[in-house]
Amino acid sequence: MIKTLSGFVALALLSVLILQWLGWPPTLPAPDSSDQPMQPAPAVLEPQLMAKLDASDPRESYTNITEHPLFRPDRKPEPPLEEEPSVPETSQEKLELSTIDLSAVLISPTVVSAWVRDPSKPKLQRLRIGDEFNGWAVRDILEDRVLLERQGERDALILRDYSKTPPSAASRPPAQRRPAQRPPRPATPPRQ
């Protein structure tokens, strides 16, 4: 029963498709008996309609929208931006690079790159020669440093050598406790 019903539906759809195909393309209206090509009618607007189309609507008519913006959750206008006091850029620039930690340098015949950690970002960032980093251009990557340049000023991120400096007390692993040694047991006499 289900096969018969599905077969009937498929046959009905196929016949509709064939009827549509046979009627394609739709017939065009018969051309006029005149040999003149058809020209579109000129667009004529009544002067009354043109008078109604005034493009210079006063801004006062939109004050309700500007006072209660639609897409702000509190429906209040955005507060004016406050200007931050200017801080000398040179001290901030030096401070920016002093917080950056050069974690690793990779130099191989095919790849020269460095990995740096910015405390404001959770992931390490890969630098290559020519990349831009916090407004500085990476000029060269050496085995122990990355040379940076910005507007004629040069600076370097130096790779910390952990083998020459002892680790701080906070970074040392806690001393391992050795279990207390027990005195040796006396040998037990053999049983008879």
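Visitor: What makes one face of strand 6 covered and the other uncovered?

Guide: Strand 6 spans residues 145-150. Val 146, Leu 148 and Arg 150 make up its covered face. Arg 145, Leu 147 and Glu 149 make up the uncovered one. This is a predicted model, in which local features need pLDDT of at least 70, side-chain atom pairs count only at pLDDT 80 or more, and totals for chains, interfaces and linings use all residues. Residues are numbered from 1 along each chain as its sequence is written, and side-chain values use heavy atoms, without hydrogens and water.

Visitor: How do you know that strand 5 and strand 6 pair?

Guide: Pairing requires at least two bridges found by DSSP between two strands. Strands themselves are DSSP runs of E, at least two residues long, and helices are runs of H or I of at least four, both numbered from the N terminus. Strand 5 and strand 6 have four bridges, in the antiparallel sense, so they meet the criterion. Asp 140 stands opposite Leu 147 there. Three residues separate the two strands in a hairpin.

Visitor: What links strand 6 to strand 7?

Guide: Six bridges, again antiparallel. Leu 147 has Ala 156 as its bridge partner in strand 7. These strands also form a hairpin, with two residues between them. In that turn, Gln 151 has a positive phi of about 50°.

Visitor: Why is the sheet called open, and which strands stand at its edges?

Guide: The order is 4-5-6-7, with antiparallel pairing. Strand 4 (132-133) and strand 7 (153-158) each have a single partner strand, so one side of each lacks a neighbour in the sheet. Strand 4 pairs with strand 5 (residues 136-141) over two bridges. Glu 132 stands opposite Ala 137 in strand 5.

Visitor: How do you know that Asp 118 has no salt bridge?

Guide: A salt bridge needs a side-chain nitrogen of Lys or Arg within 4 Å of a carboxyl oxygen of Asp or Glu. For Asp 118, the nearest side chain of opposite charge is Lys 121, 4.4 Å away. Asp 118 is nevertheless buried, meaning under 20% relative accessible area; over 50% is exposed, and partly exposed lies in between (1.4 Å probe, protein chains only). Asp 118 lies in the loop between strand 2 (112-117) and strand 3 (124-128). Beyond neighbours within four places in sequence, Asp 118 is in contact with Ile 100 and Asn 134 (heavy atoms within 4.5 Å).

Visitor: Why is Leu 22 called exposed?

Guide: Its relative accessibility is 67%. The cut-off is over 50%, so the label exposed applies. Leu 22 lies in helix 1 (residues 2-22).

Terms used. Lys, Arg positive; Asp, Glu negative; His and termini not counted.
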